[in-house]
Amino acid sequence: MKLKRVVVPVATVWTSPTAPREIDAPALKGDVQQWVADMSDADSITLGDGNRIATQVLFNDEVMVISEAGDWSEIVVPSQADDSDVRGYPGWVKTALLTEIAPDAVTTTQVTVASPLTTLFDDHHDPLLTVSMGTRFSQLDITADAVKVATPLGPGYIDKESIVMPFADLAMNERLVAMGRQFLGLRYLWGGISAYGFDCSGFVYTLHRVLGFELPRDADDQYYNGQPVAAENLQPGDLLFFAYEHGHGRIHHVGMYIGHGQMLQSRTLGKQVDIAALTELRYAPEYVGARRYWRA
């Protein structure tokens, strides 16, 4: 086993090397922006119905390579906790989207992209690629308007504003809500954790990651961790969970409470990030409980 880093903005992790369809070719090259743009609603629905994607991994994230088969690597993602493997979230990714880990310059400062998308530039200020919210770097230096960071492509620069804590005038839980509202109308993407598309658990995972709170990757694991919150004590930013069999079966959905009996969510296949009333028939009978990960 060895550690590698992701060298594309978003690497899609598949359930098996046979899972991708013909239309998924851009994702196999790491071009999630083009992939999402090309997909119809029907294509996005069958992506999930076929259980093709396990998760996604952001640029510069570490993965642990378990084995290789042809041009595929079997991996686990240490930064995404999952109950199926103590090492991290498992799946398969194209080997070309990974690179060997080079020693970073000595630094203890880590920065996280807080804007939905930002450009990574090289030393000549030529754009290298666009990275998503949640992407993490080791900081090498900082100027009035840019941050020099260590990357798998060598030193690069991102806009200083892209790492500024968003909505800093708000309380921590309200920041989560405000950050999430930026994505209203964004199409649901099965397995998605980036600003190009989220699934329900990937949505809350990435929002918390920006603010430094570590969540498991999937809704069921998110429910079985975190601080339990009684319904009468709910605050904006708390996570709400829903299960089959009138709340007694498998957990299948998570949303974020925003107050006034509403939640912000990446709804479901073929839908978008939206706001739902907790009285909706889809949710009211299946509510199972709330968890809190944010801290003031």
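Which residues is Leu 207 in contact with, leaving aside its neighbours within four places in sequence? They are Met 133, Leu 176, Met 179, Gly 180, Phe 183 and Met 256, where contact means heavy atoms within 4.5 Å.

This is a predicted model, in which local features need pLDDT of at least 70 and side-chain atom pairs count only at pLDDT 80 or more, while totals for chains, interfaces and linings use all residues. Residues are numbered from 1 along each chain as its sequence is written, and side-chain values use heavy atoms, with hydrogens and water left out.

**Nonpolar cores and helix 5**

Leu 207 belongs to helix 5, which spans residues 200-210 and has 11 of its 11 residues buried; helices (H or I, at least four residues) and strands (E, at least two) are DSSP runs numbered from the N terminus, and buried means under 20% relative accessible area, exposed over 50% and partly exposed in between, with a 1.4 Å probe and protein chains only. Among the buried residues of this helix are polar or charged names such as Ser 201, Thr 206, His 208 and Arg 209, listed together with Phe 203, Val 204 and Leu 207. Helix 5 is followed by Gly 212, whose phi is positive, near 90°.

In soluble globular proteins, nonpolar side chains tend to be buried together. A nonpolar core is here a set of buried Ala, Val, Leu, Ile, Met, Phe, Trp, Tyr and Cys residues joined through side-chain atoms within 4.5 Å. The largest such core has 47 residues, of which Trp 14, Trp 35, Phe 183, Leu 207 and Leu 239 touch the most other members. Elements giving two or more residues to this core include strand 2 (10-14), helix 2 (32-38), helix 4, helix 6 and strand 18 (251-259), and its largest share, six residues, comes from helix 5. Apart from this core lies another, of 14 residues, among them Ala 11, Val 57, Val 77 and Leu 97.

**Aromatic pairs**

A search of the whole structure finds nine aromatic pairs, a pair being rings of Phe, Tyr and Trp (its six-membered ring) with centres within 6.5 Å, counted as stacked with planes under 30 degrees apart, edge-to-face over 60 and tilted for the rest. The rings of Tyr 223 and Phe 241 have centres 5.5 Å apart and planes at 65°, so this pair is edge-to-face. The pair links distant parts of the chain, with Tyr 223 in helix 6 (residues 219-223) and Phe 241 in strand 17 (residues 239-243), 18 residues apart. Both Tyr 223 and Phe 241 are buried. Arg 291 lies over the face of Tyr 223, at 4.1 Å from the ring centre; the criterion is that NZ of Lys or CZ of Arg is within 6 Å of the ring centre and within 35 degrees of the ring normal. Elsewhere, ring pairs link Phe 183, Phe 198 and Phe 203 into a cluster.

**Strand pairing**

Two strands pair if DSSP finds at least two bridges between them. The antiparallel pairings below are given with one pair of opposite residues each.

| Strands | Bridges | Opposite residues |
|---|---|---|
| Strand 1 (residues 2-6) and strand 4 (residues 62-69) | four | Leu 3 and Met 64 |
| Strand 4 and strand 5 (residues 72-77) | five | Ala 69 and Trp 72 |
| Strand 9 (residues 117-121) and strand 10 | five | Phe 121 and Pro 127 |

Strand 4 and strand 5 form a hairpin with two residues between them, and Gly 70 in the turn has a positive phi of about 65°. The hairpin of strand 9 and strand 10 has five residues between the strands, and in this hairpin His 125 takes a positive phi near 65°.

**Loop residues**

Thr 135 is found in the loop between strand 10 (127-132) and strand 11 (136-142), and is buried, with a relative accessible area of 0%. The backbone oxygen of Ser 132 lies 2.7 Å from a polar atom of the Thr 135 side chain, within the limit for a polar contact (a pair of N or O atoms within 3.5 Å; within protein, one must be able to donate a hydrogen and the other to accept it, and residues adjacent in sequence count only if both atoms are side-chain atoms). Not counting residues up to four places away in sequence, Thr 135 touches Leu 58, Phe 59, Val 111, Thr 112 and Val 113.

Asn 51, in the loop between helix 3 (41-49) and strand 3 (53-58), has a positive phi of about 50° although it is not a glycine, and is partly exposed, with a relative accessible area of 43%.
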